[in-house]
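Please open the model in a viewer and keep the sequence panel visible beside it. The tour below proceeds by selection, one stop after another.

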Amino acid sequence: MTVALPERSRIVAERLAEAGIRGQIVVLPDAASTAPLAAAALGIEVGAIANSLVFWSDGEPLLVMTSGAHRVDTAALAGRLGRGSIARATPEQVRAATGQAIGGVAPTGHPVPLTTVIDRDLAVFREIWAAGGTPHTVFPMTFDELVALTGGTVAQVD
């Protein structure tokens, strides 16, 4: 099944299989580069979208997996994590850190694992959906699978 996927999504699918995550990557007919677009395409609540946001913090990329219903409060999150600051990564920094384009960043499949923070409010959903490496691909998983896959720290992000 992964043969028909874009290259970036094939890499993500391989990492998911290695982690024992059974959710399959779905190719959407239209780009779902924002949480509202992805939720509408899937017919689910926007809060069940695990939105992948890349920030730059203390000289390194920081991946924040937030509920699509939230905005990240970077100042509050920096304080909670004991970091100097957290700022949006540039498109070039996102691509360099993840190998993926903004709007399609998956929680895995990066050149090297990223320090990851996971929005605790995603835990209320039985199933969550994340980008699959491109703006046209998504996949389902559970909150616990997301935490295990990324080794992320669960925190309040808004």
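The following stops say what to select next and what is to be found there. Please bear in mind throughout that the model is predicted.

**First stop: strand E5 and its partners**

Begin by selecting strand E5, residues 115-119. How many of the five residues of E5 are buried? Four of them are, and E5 is accordingly described as mostly covered.

Next, add strand E3, residues 60-67. E3 and E5 run parallel and are joined by four bridges. To find the register of this pair, display Val-64, which stands opposite Val-117 in E5.

Now add strand E8, residues 153-155. E8 also runs parallel to E5, with three bridges joining the two. Val-117 may serve as the landmark again, for Thr-153 in E8 stands opposite this residue. With these strands selected, E5 is seen to be bridged both to E3 and to E8.

**Second stop: Thr-116**

Remain in E5 and select Thr-116. Is this residue buried or exposed? Thr-116 counts as buried because its relative accessibility is 6%, and the cut-off for burial is under 20%.

Display the side chain of Thr-116 together with the backbone of Leu-114: the side chain reaches the backbone oxygen of Leu-114 at 2.8 Å. Then show the surroundings. Beyond its neighbours within four places in sequence, Thr-116 is in contact with Leu-63, Met-65, Thr-150, Gly-152 and Thr-153.

**Third stop: helix H4**

Select helix H4, residues 91-98, and colour Val-94, Ala-97 and Thr-98, which are buried. Turn the view so as to look down the axis of H4. The buried residues of the helix fall within an arc of 80 degrees and therefore line one face. An α-helix has 3.6 residues a turn, so residues three or four places apart point the same way.

Against which elements does this face pack? The buried residues of H4 pack against E2 and E3. For the other side of H4, select Glu-92 and Ala-96, which are exposed. Before leaving the helix, select Gly-99, just after H4, where phi is positive at about 75 degrees.

**Fourth stop: the loop at Asp-58**

Proceed to the loop between strand E2 (49-57) and strand E3 (60-67), and select Asp-58 within it. Asp-58 has a positive phi of about 50 degrees, although this residue is not a glycine. Most residues other than glycine have a negative phi. The relative accessibility of Asp-58 is 48%, so the residue counts as partly exposed.

**Fifth stop: the salt bridges**

Side chains of opposite charge can pair when their charged atoms come close. The model contains four salt bridges, and several of them may be visited in turn.

Select Glu-60 and Arg-83 first; their side chains meet in a salt bridge with an N to O distance of 2.9 Å. Glu-60 lies in strand E3, whereas Arg-83 lies in the loop between helix H3 (74-81) and strand E4 (87-88), so this pair ties together parts that are 23 residues apart in sequence. Are the two partners buried or partly exposed? Glu-60 is partly exposed, with a relative accessible area of 29%, while Arg-83 is buried at 18%.

Then select Glu-14 and Arg-15, whose side chains form a salt bridge at 3.7 Å, N to O. Glu-14 is partly exposed at 42% relative accessible area, and Arg-15 is partly exposed at 29%.

Continue with Asp-121 and Arg-120, which meet through their side chains in a salt bridge at 4.0 Å, N to O. Asp-121 is partly exposed at 29% relative accessibility, and Arg-120 is likewise partly exposed at 44%. Return then to Glu-14 and Arg-15 and add Glu-18: salt bridges that share partners join these three residues into one network.

**Last stop: Glu-145 and Arg-22**

Finally, select helix H5, residues 143-150, and within it Glu-145. Glu-145 is partly exposed, with a relative accessibility of 25%. Select Arg-22 as well and draw the distance between the two C-alpha atoms. The C-alpha atoms of Glu-145 and Arg-22 are separated by 9.9 Å, while the two residues are 123 residues apart along the chain.

Note on methods
Residues are numbered from 1 along each chain as its sequence is written. This is a predicted model: local features need pLDDT of at least 70, side-chain atom pairs count only at pLDDT 80 or more; totals for chains, interfaces and linings use all residues. Side-chain values use heavy atoms; hydrogens and water are left out. Buried means under 20% relative accessible area, exposed over 50%, partly exposed in between (1.4 Å probe, protein chains only). A polar contact is a pair of N or O atoms within 3.5 Å; within protein, one must be able to donate a hydrogen and the other to accept it, and residues adjacent in sequence count only if both atoms are side-chain atoms. Contact means heavy atoms within 4.5 Å. The arc is that of the directions from the helix axis to the C-beta atoms. Two strands pair if DSSP finds at least two bridges between them.
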